[in-house]
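Reader: Hello! I am new to this structure and would love a close look at a single part of it. Could you walk me through the sheet and the helices packed around it?

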Amino acid sequence: MQSIVFFGDSLTAGYQLRASESFPARIQEKIDALALPYKAYNYGVSGETTAGGRQRISSVLGRFEQIDVFVLELGANDGLRGIPVRETTQNLQFILDEVRRAHPEARVVLVGLEFPFDLGPLATLGGGRMGHYAQEFKALFRQLAEKNEVAFVPFLLQGVIGQRHLNLPDGVHPNAEGQKILASNVWAVLQGVLK
(Lines give C-alpha, C1' and ligand atoms only; values in the text may rest on other atoms or scores of the structure.)
Protein backbone atom coordinates (compact mmCIF):
# COMPACT_ATOMS: atom_id res chain seq x y z
CA MET A 1 0.00 0.00 0.00
CA GLN A 2 1.44 3.37 -1.00
CA SER A 3 0.93 6.52 1.05
CA ILE A 4 -0.41 9.91 0.01
CA VAL A 5 0.11 12.64 2.59
CA PHE A 6 -2.14 15.70 2.36
CA PHE A 7 -0.43 18.53 4.24
CA GLY A 8 -2.47 21.69 4.61
CA ASP A 9 -4.77 23.99 6.54
CA SER A 10 -8.53 24.08 7.22
CA LEU A 11 -9.28 23.53 3.51
CA THR A 12 -7.53 20.14 3.75
CA ALA A 13 -8.73 19.40 7.28
CA GLY A 14 -12.37 19.90 6.25
CA TYR A 15 -13.14 22.63 8.79
CA GLN A 16 -16.35 21.93 10.79
CA LEU A 17 -17.11 18.83 8.71
CA ARG A 18 -16.90 15.12 9.41
CA ALA A 19 -13.53 13.58 8.53
CA SER A 20 -15.26 11.58 5.79
CA GLU A 21 -16.39 14.84 4.11
CA SER A 22 -12.91 16.36 3.68
CA PHE A 23 -11.48 16.40 0.17
CA PRO A 24 -8.68 13.91 1.03
CA ALA A 25 -11.38 11.45 2.19
CA ARG A 26 -13.31 12.06 -1.05
CA ILE A 27 -10.13 11.37 -3.00
CA GLN A 28 -9.70 8.11 -1.07
CA GLU A 29 -13.18 7.15 -2.35
CA LYS A 30 -12.03 7.77 -5.93
CA ILE A 31 -8.86 5.74 -5.32
CA ASP A 32 -10.84 2.85 -3.84
CA ALA A 33 -13.32 2.90 -6.73
CA LEU A 34 -10.40 2.42 -9.12
CA ALA A 35 -8.78 -0.18 -6.82
CA LEU A 36 -5.51 1.79 -6.77
CA PRO A 37 -3.06 0.76 -4.01
CA TYR A 38 -2.97 4.08 -2.13
CA LYS A 39 -3.97 5.24 1.34
CA ALA A 40 -4.62 8.95 1.97
CA TYR A 41 -3.49 10.57 5.22
CA ASN A 42 -5.01 13.92 6.15
CA TYR A 43 -2.58 16.22 7.93
CA GLY A 44 -4.65 19.38 7.61
CA VAL A 45 -4.61 21.79 10.57
CA SER A 46 -7.17 24.58 10.69
CA GLY A 47 -5.71 28.07 10.90
CA GLU A 48 -2.23 27.01 9.87
CA THR A 49 0.01 29.43 8.00
CA THR A 50 3.01 28.44 5.90
CA ALA A 51 5.19 29.38 8.91
CA GLY A 52 3.24 26.88 11.02
CA GLY A 53 3.64 24.25 8.32
CA ARG A 54 7.35 24.92 8.24
CA GLN A 55 7.55 24.17 11.98
CA ARG A 56 5.37 21.05 11.71
CA ILE A 57 6.73 19.43 8.55
CA SER A 58 9.62 17.42 10.01
CA SER A 59 7.45 15.72 12.65
CA VAL A 60 4.92 14.68 9.97
CA LEU A 61 7.61 13.43 7.58
CA GLY A 62 9.18 11.45 10.43
CA ARG A 63 6.01 9.42 10.95
CA PHE A 64 6.42 7.62 7.62
CA GLU A 65 9.06 5.16 6.48
CA GLN A 66 8.06 6.04 2.95
CA ILE A 67 5.86 8.75 1.47
CA ASP A 68 4.95 8.03 -2.14
CA VAL A 69 2.92 11.15 -2.88
CA PHE A 70 2.94 14.44 -0.96
CA VAL A 71 0.19 17.01 -1.59
CA LEU A 72 1.01 20.49 -0.26
CA GLU A 73 -1.89 22.89 0.31
CA LEU A 74 -0.88 25.89 2.40
CA GLY A 75 -0.98 29.66 2.04
CA ALA A 76 -4.64 30.65 2.38
CA ASN A 77 -4.12 31.93 5.93
CA ASP A 78 -1.05 33.85 4.80
CA GLY A 79 -3.23 35.57 2.20
CA LEU A 80 -5.92 36.38 4.76
CA ARG A 81 -3.30 37.97 7.01
CA GLY A 82 -1.51 39.82 4.23
CA ILE A 83 1.80 38.08 4.99
CA PRO A 84 4.43 39.19 2.46
CA VAL A 85 4.47 36.96 -0.62
CA ARG A 86 8.24 36.54 -0.31
CA GLU A 87 7.81 35.04 3.17
CA THR A 88 5.06 32.65 2.04
CA THR A 89 7.23 31.58 -0.89
CA GLN A 90 10.26 30.94 1.33
CA ASN A 91 8.20 28.86 3.77
CA LEU A 92 6.67 26.73 1.00
CA GLN A 93 10.12 26.24 -0.56
CA PHE A 94 11.45 25.11 2.83
CA ILE A 95 8.64 22.54 3.10
CA LEU A 96 9.29 21.27 -0.44
CA ASP A 97 13.02 20.99 0.33
CA GLU A 98 12.30 19.03 3.54
CA VAL A 99 10.05 16.59 1.68
CA ARG A 100 12.73 16.06 -0.95
CA ARG A 101 15.41 15.58 1.70
CA ALA A 102 13.42 13.14 3.88
CA HIS A 103 11.59 11.30 1.06
CA PRO A 104 13.53 11.83 -2.18
CA GLU A 105 11.32 9.38 -4.10
CA ALA A 106 8.06 11.15 -3.21
CA ARG A 107 6.05 12.61 -6.07
CA VAL A 108 4.89 16.08 -5.05
CA VAL A 109 1.73 17.97 -5.93
CA LEU A 110 1.53 21.68 -5.12
CA VAL A 111 -1.96 23.09 -4.73
CA GLY A 112 -2.45 26.65 -5.94
CA LEU A 113 -4.57 29.26 -4.21
CA GLU A 114 -5.81 32.68 -5.15
CA PHE A 115 -6.47 35.54 -2.84
CA PRO A 116 -9.79 34.56 -1.29
CA PHE A 117 -11.68 37.82 -1.49
CA ASP A 118 -13.70 39.48 -4.19
CA LEU A 119 -11.41 42.47 -4.54
CA GLY A 120 -13.85 44.65 -6.48
CA PRO A 121 -14.18 47.64 -4.13
CA LEU A 122 -10.87 46.96 -2.36
CA ALA A 123 -8.74 47.01 -5.49
CA THR A 124 -9.08 50.77 -5.82
CA LEU A 125 -8.06 51.43 -2.20
CA GLY A 126 -4.44 52.07 -1.36
CA GLY A 127 -3.46 52.70 -4.96
CA GLY A 128 -4.32 49.17 -6.05
CA ARG A 129 -2.05 47.56 -3.43
CA MET A 130 -4.60 44.82 -2.71
CA GLY A 131 -4.92 43.97 -6.38
CA HIS A 132 -1.14 43.86 -6.72
CA TYR A 133 -0.87 41.57 -3.68
CA ALA A 134 -3.55 39.28 -5.09
CA GLN A 135 -1.67 38.97 -8.39
CA GLU A 136 1.65 38.24 -6.66
CA PHE A 137 -0.01 35.76 -4.31
CA LYS A 138 -1.65 33.85 -7.15
CA ALA A 139 1.59 33.77 -9.16
CA LEU A 140 3.80 32.44 -6.37
CA PHE A 141 2.30 28.93 -6.53
CA ARG A 142 2.84 28.39 -10.25
CA GLN A 143 6.36 29.82 -10.00
CA LEU A 144 7.19 27.41 -7.17
CA ALA A 145 5.70 24.45 -9.04
CA GLU A 146 7.76 25.26 -12.15
CA LYS A 147 10.96 25.91 -10.20
CA ASN A 148 10.63 22.61 -8.31
CA GLU A 149 9.24 20.68 -11.30
CA VAL A 150 6.27 19.33 -9.35
CA ALA A 151 2.68 18.65 -10.41
CA PHE A 152 0.42 21.68 -9.97
CA VAL A 153 -3.27 22.17 -9.18
CA PRO A 154 -3.94 25.71 -10.49
CA PHE A 155 -6.67 26.75 -8.06
CA LEU A 156 -8.07 24.58 -5.26
CA LEU A 157 -11.25 26.65 -4.78
CA GLN A 158 -12.16 26.80 -8.49
CA GLY A 159 -15.95 26.63 -8.79
CA VAL A 160 -16.46 26.96 -5.02
CA ILE A 161 -15.25 30.43 -4.06
CA GLY A 162 -18.07 32.95 -3.90
CA GLN A 163 -20.74 30.24 -4.26
CA ARG A 164 -22.87 30.63 -1.14
CA HIS A 165 -24.51 27.19 -1.46
CA LEU A 166 -21.08 25.48 -1.52
CA ASN A 167 -19.66 27.19 1.56
CA LEU A 168 -20.32 27.26 5.28
CA PRO A 169 -22.14 30.34 6.64
CA ASP A 170 -18.75 32.05 7.14
CA GLY A 171 -18.47 32.24 3.34
CA VAL A 172 -14.82 31.13 3.51
CA HIS A 173 -14.81 27.40 4.20
CA PRO A 174 -16.34 24.90 1.77
CA ASN A 175 -19.22 22.77 3.04
CA ALA A 176 -19.49 19.04 2.30
CA GLU A 177 -20.70 19.71 -1.27
CA GLY A 178 -17.92 22.24 -1.78
CA GLN A 179 -15.32 19.73 -0.57
CA LYS A 180 -16.47 17.33 -3.31
CA ILE A 181 -15.54 19.98 -5.88
CA LEU A 182 -12.18 20.54 -4.18
CA ALA A 183 -11.61 16.78 -4.48
CA SER A 184 -12.40 16.95 -8.22
CA ASN A 185 -10.04 19.91 -8.70
CA VAL A 186 -7.18 18.05 -7.01
CA TRP A 187 -8.05 14.70 -8.60
CA ALA A 188 -7.80 16.21 -12.10
CA VAL A 189 -4.03 16.49 -11.48
CA LEU A 190 -3.45 13.79 -8.86
CA GLN A 191 -4.84 10.90 -10.91
CA GLY A 192 -2.10 11.43 -13.50
CA VAL A 193 0.51 11.37 -10.72
CA LEU A 194 -0.84 8.09 -9.30
CA LYS A 195 -1.04 6.15 -12.55
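Author: Happy to help; what follows starts with the sheet and then moves out to its helices.

First, a word on the model: it is predicted, with local features needing pLDDT of at least 70 and side-chain atom pairs counting only at pLDDT 80 or more, while totals for chains, interfaces and linings use all residues. Residues are numbered from 1 along each chain as its sequence is written, and side-chain values use heavy atoms, leaving out hydrogens and water.

Now to the sheet. An open sheet is formed by 5 strands in the order β2-β1-β3-β4-β5, with parallel pairing. Its edge strands are β2 (38-44) and β5, each of which pairs on one side only. From one strand to the next, the twist averages 20°. The element names follow DSSP runs, numbered from the N terminus: helices are H or I with at least four residues, and strands are E with at least two. Two strands pair if DSSP finds at least two bridges between them.

Look next at strand β4, residues 107-111. Of its 5 residues, 4 are buried, so the strand is mostly covered; buried means under 20% relative accessible area, exposed over 50%, and partly exposed in between, using a 1.4 Å probe and protein chains only. Strand β3 (residues 69-73) pairs with β4 in the parallel sense over 4 bridges, and there Phe70 stands opposite Val108 of β4. Strand β5 (residues 151-153) also pairs with β4 in the parallel sense, over 3 bridges. Here Val109 has Ala151 in β5 as its bridge partner.

Helix α5 (residues 85-102) lies across β1 (2-8), β3 and β4, and runs at about 170° to β3. Axes here are lines fitted to C-alpha atoms, for helices over the stretch in contact, and angles run from 0 to 180 degrees between N-to-C directions. The 18 residues of α5 reach 26 Å from first C-alpha to last, close to the 26 Å expected at 1.5 Å a residue; the expected span is 1.5 Å times one less than the number of residues. Among the buried residues of α5 are Val85, Leu92, Ile95 and Val99.

Alongside it, helix α3 (residues 50-61) has an axis that comes within 9 Å of that of α5, crossing at roughly 10°. The two helices are therefore roughly parallel to each other. Angles under 35 degrees count as roughly parallel, over 145 as roughly antiparallel, 65 to 115 as roughly perpendicular and the rest as oblique. Contact means heavy atoms within 4.5 Å, and the contact here includes Ile57 and Leu61 of α3 and Ile95 and Val99 of α5.

Finally, helix α7 (residues 176-194) lies across β1, β2, β3, β4 and β5, running at about 165° to β5. The axes of α7 and helix α2 (residues 23-33) come within 9 Å and cross at roughly 50°, which makes α2 oblique to α7. Residues making this contact include Phe23 and Ile27 of α2 and Trp187 and Leu190 of α7. The buried residues of α2, which include Phe23 and Ile27, pack against β1, α1 (10-13), β2 and α7.
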